[in-house]
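Trainee: I am new to this structure and would like a close look at a single part of it. Please take one sheet and what packs on it, and then place that part among its surroundings.

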Amino acid sequence: MPLIHRKKPTEKPSSPPSEEVVVPDEDSQKKPHESSKSHHKKSNGGGKWSCIDSCCWFIGCVCVTWWFLLFLYNAMPASFPQYVTERITGPLPDPPGVKLKKEGLKAKHPVVFIPGIVTGGLELWEGKQCADGLFRKRLWGGTFGEVYKRPLCWVEHMSLDNVTGLDPAGIRVRAVSGLVAADYFAPGYFVWAVLIANLAHIGYEEKNMYMAAYDWRLSFQNTEVRDQTLSRMKSNIELMVSTNGGKKAVIVPHSMGVLYFLHFMKWVEAPAPMGGGGGPDWCAKYIKAVMNIGGPFLGVPKAVAGLFSAEAKDVAVARAIAPGFLDTDIFRLQTLQHVMRMTRTWDSTMSMLPKGGDTIWGGLDWSPEKGHTCCGKKQKSNETCGEAGENGVSKTKPVNYGRIISFGKEVAEAAPSEINNIDFRGAVKGQSIPNHTCRDVWTEYHDMGIAGVKAIAEYKVYTADEAIDLLHYVAPKMMARGSAHFSYGIADDLDDPKYQQPKYWSNPLETKLPNAPEMEIYSLYGVGIPTERAYVYKLNQSPDSCIPFQIFTSAHEEDEDSCLKAGVYNVDGDETVPVLSAGFMCAKAWRGKTRFNPSGIKTYIREYNHSPPANLLEGRGTQSGAHVDIMGNFALIEDIMRVAAGGNGSDIGHDQVHSGIFEWSERIDLKL
């Protein structure tokens, strides 16, 4: 059978080649490998700009810009920033050290520096396997490189034992010693360096300057139990006085170091083994003056927020901008639950809780700062923040500062009779939490359950007294440790033997100053900066959240003179410590002979009105009143140097006050 062949369809004949001369464009000139790459991109749908590309470009641009600016900074002459600043603002004043050297002042009294919380360096002496290669490297302070390289390992080594408040098994982190312990917190970020450099101008050096560094995570008494820090401070002060011709020491504590030295003054007088055995005249014999910088004598409200929700003003704003980011373990970075787990093992944080309760901080319907107005605009030189408007009447809403925590803006502003509290203290805690993934990072909120969380919110408003009860409810293990080392009340009878226990020694309302009538006590602090005083909270219902409470940043007043900004009620202070806490003891409770100051030690208040730097080249400024930046304030440094060189309160002008501290102090009904 013949095969049937099917004919293939004939193709159209192609058109004859054109005679035109075609000039090749740029693309057609590509090399073969470039052309194939381009074709490959197109065939894979390339050419689209992804999110990862954007991130890489952004990081690259930031790095290149940073290194370029760093190169310029290192290449420019050292005098260039000063030259530019002087061209803009006029000739700069001499630093205090240069000025006082010209006046003929010389080193006289030995000076002891006592750093505050977080500003002192900590280094590793023993660690787990994940910390190999870090022996005697700084875990806190310096570059903080290990936070980024091995974050969870860093958290583990910076945490203390949750039961004892001391070292966890197999880990030893200790304070860096010497002036380098706290001269700089990080490269370029000074703490004590400017003061040290100015003192050096008039003859100070390490033989008559001493940095009393300590592990600021521990309770004050535990620094002696574990490291004998208080004993070493006593010995060093005695040695310096002895080797400087018997001239008494000038003590300069900063921030929490103020409370630490209060504890030391009681410890050194107390008999051994609980105390240093120096006797009741030790302070009179060895101390000329105590010049407290930014001292939180009566605590700070932001300590409540920090322990309650691991927040302060800046963290709250970050959580609002990027909801969920800080609540999740993205890239294994330190998120809020890690921060809370770590900081709740630091007993020292509980020393900063408000002291004196409602008597000092106010109640539902009153506070010492009542009538204070916040200032949005920059003040003239003859004005201070907090003055009322025309005819003495404030145009902004009155603030109930006594309500340290309010659940909702309406509660914060409501009349006391309109607030229906449901007591949380007897509420039964549950066994479940909204987010079970949080079990990876344990905090005491896991033991509260949904019922316990609800009970906290239904109580609605917390004053200073109730804030302590609140923390006992949400973090009973933490507060059990804290209650063994710190107290927050007011003594009825200071001669009661119970006040001889160390837990009372850092509370100025439960101790007497030493019997040293020739000694002087100064309170030096900044004013003119909005400072956290009370908070508006809400329940955090995010499925990613392990912390059920959050500052309600939407509670906000647009009026620039309003004290309510992003869920935080602000008052006058140094951005960390309110004026009331820094100034009350020297303004009233210790002023003259009182039951808290039986020998009549002279007290002085020196306030420094905040003035920000005029330009970027001025750095952090020489007139700053901010809590840490004040350490570079020329006026403050000059006051300290004059006293160290032999001066006293009258030589530096007695009190210098810009705030309403004396008026506010008079509103506090405290038995003196």
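Mentor: What follows describes one sheet, the helices beside it, and then some other parts of the chain.

The model is predicted, so local features are given where pLDDT is at least 70, side-chain atom pairs count only at pLDDT 80 or more, and totals for chains, interfaces and linings use all residues. Residues are numbered from 1 along each chain as its sequence is written, and side-chain values use heavy atoms, with hydrogens and water left out.

The protein chain holds 22 helices and 17 strands. Helices (H or I, at least four residues) and strands (E, at least two) are DSSP runs, numbered from the N terminus. Of the 672 residues of the protein chain, 52% count as buried; buried means under 20% relative accessible area, exposed over 50%, and partly exposed in between, with a 1.4 Å probe and protein chains only.

The part to look at is an open sheet of six strands, in the order β7-β1-β8-β9-β12-β17, with parallel pairing. Two strands pair if DSSP finds at least two bridges between them. At the edges are β7 (209-211) and β17 (602-609), each of which pairs on one side only. On average, neighbouring strands of this sheet are turned by 15° against each other, direction ignored. Angles here run from 0 to 180 degrees between N-to-C directions, and axes are lines fitted to C-alpha atoms, for helices over the stretch in contact.

Within the sheet, strand β8 (residues 249-253) pairs with strand β9 (residues 287-293) in the parallel sense, over three bridges. In this pair, I251 stands opposite V290 in β9. Helix α7 (residues 193-201) packs on the sheet and touches β1 (111-114) and β7, its direction making about 175° with that of β1. Contact means heavy atoms within 4.5 Å. Helix α9 (residues 229-243) lies across β1, β7 and β8, and runs at about 175° to β7.

The chain also has an open sheet of three strands, ordered β3-β2-β4, and its pairing is antiparallel. Its edge strands are β3 (138-140) and β4 (172-175), each pairing on one side only. Neighbouring strands of this sheet are turned by 45° against each other on average, direction ignored. Strand β2 (residues 122-126) and β3 pair in the antiparallel sense over two bridges, and L122 stands opposite W140 in β3. Helix α6 (residues 151-158) packs on this sheet, touching β2, β3 and β4, and its direction makes about 80° with that of β3.

Next come the loops. N507 is found in the loop between α19 (476-485) and β12 (520-527), and β12 is one of the strands of the six-stranded sheet. With 0% relative accessibility, N507 counts as buried. Not counting residues up to four places away in sequence, N507 touches K355, S487, Y488 and G489. The side chain of N507 reaches the backbone nitrogen of L509 at 2.9 Å. N507 and G356 are 151 residues apart along the chain, and their C-alpha atoms are separated by 8.9 Å.

E369 lies in the loop between α15 (357-361) and β10 (405-407). Its relative accessibility is 1%, so E369 counts as buried. A polar contact of 2.9 Å joins the side chains of E369 and R533. A polar contact is a pair of N or O atoms within 3.5 Å; within protein, one must be able to donate a hydrogen and the other to accept it, and residues adjacent in sequence count only if both atoms are side-chain atoms. Leaving aside neighbours within four places in sequence, the contacts of E369 include Y401, V571 and W664.

Two helical parts complete the picture. Seven of the nine residues of helix α12 (residues 301-309) are buried, so α12 is largely enclosed by the rest of the structure. Among these buried residues are P301, V304, L307 and F308. Just after α12, A310 takes a positive phi of about 55°. Elsewhere, the axes of helix α17 (residues 449-459) and helix α18 (residues 464-474) come within 11 Å and cross at roughly 170°. That makes α17 roughly antiparallel to α18, a term for angles over 145 degrees. In this contact, G452, A455, I456 and Y459 in α17 meet E466, L470, Y473 and V474 in α18.

Key:
Angles under 35 degrees count as roughly parallel, over 145 as roughly antiparallel, 65 to 115 as roughly perpendicular and the rest as oblique.
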